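Hi everyone, thanks for making time today. I'd like to walk you through a structure you haven't met yet, so let's put it on the screen.

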Amino acid sequence: MSENPIVTVYKVISISSAHELCLPYESKCNQIHGHNWKIETWLTGKLNESKMVVDFTIIKREVMKLDHTNINSYVEPSTAENIAVYLAQKLYQLEPTNLVKVKVRVWETETSYAEYEYVPSSQE
Ligand SMILES: [Zn+2]
């Protein structure tokens, strides 16, 4: 058995939140509105002392900070793409010494998602 295996954990979390965009063209998204967002997360890293990559409840707690909020209070602009970047970086900060990459997929509707994979450079 590997002394220091690299493992991926996955968690999916549903949140209901508002957002509004400021697009330079006519769009209904420029008015504040809500979505039932599905947030999928993949955290890859070395195991900690508890033999976990990161506790699933900690992942959920971090994502749930956006539940029942106006996401614009956290991320500007609040596009699905930018929310994915924001969450990947927030999740990486949970265990920065263990994690080697974090992927987040933000489903804005049942047919549309944005995905971002954060891989910190070795210079950091
Ligand atoms: Zn929207």
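Let's look at E108 and ask which residues it contacts, leaving aside its neighbours within four places in sequence. The list is H35, W37, A80 and Y113. Please keep in mind that this is a predicted model, so every value I mention is computed from it.

Where does E108 sit? It belongs to strand β3. And is E108 buried, exposed or partly exposed? It has 18 C-beta neighbours inside 10 Å, and a residue needs 20 or more to be called buried, so E108 counts as partly exposed. If you look across to A84, which is 24 residues away along the chain, the C-alpha atoms of E108 and A84 are 11 Å apart.

Now follow the strand itself. β3 covers residues 99-109, and it pairs with β4, residues 112-118, in the antiparallel sense. There are 7 bridges between these two strands. One of the residues to find here is V106, whose bridge partner in β4 is A114. Together β3 and β4 make a hairpin, with 2 residues between them.

Let's finish with the largest nonpolar core. It has 19 residues, and those touching the most other members are L43, L87, A88, L91, V102 and V104. At least two residues of this core come from each of β2 (33-46), α1 (56-64), α2 (80-92) and β3. Which element gives the most? That is α2, with 6 residues. For a concrete example, pick out L87: setting aside residues up to four places away in sequence, L87 touches I39, V63 and V104.

How values were computed:
Residues are numbered from 1 along each chain as its sequence is written. This is a predicted model: local features need pLDDT of at least 70, side-chain atom pairs count only at pLDDT 80 or more; totals for chains, interfaces and linings use all residues. Two strands pair if DSSP finds at least two bridges between them. Helices (H or I, at least four residues) and strands (E, at least two) are DSSP runs, numbered from the N terminus. A nonpolar core is a set of buried Ala, Val, Leu, Ile, Met, Phe, Trp, Tyr and Cys residues joined through C-beta atoms within 7 Å. A residue is buried if 20 or more other C-beta atoms lie within 10 Å of its own, exposed if 12 or fewer, and partly exposed in between; C-beta atoms are placed from the backbone. Two residues are in contact if their C-beta atoms, placed from the backbone, lie within 7 Å.
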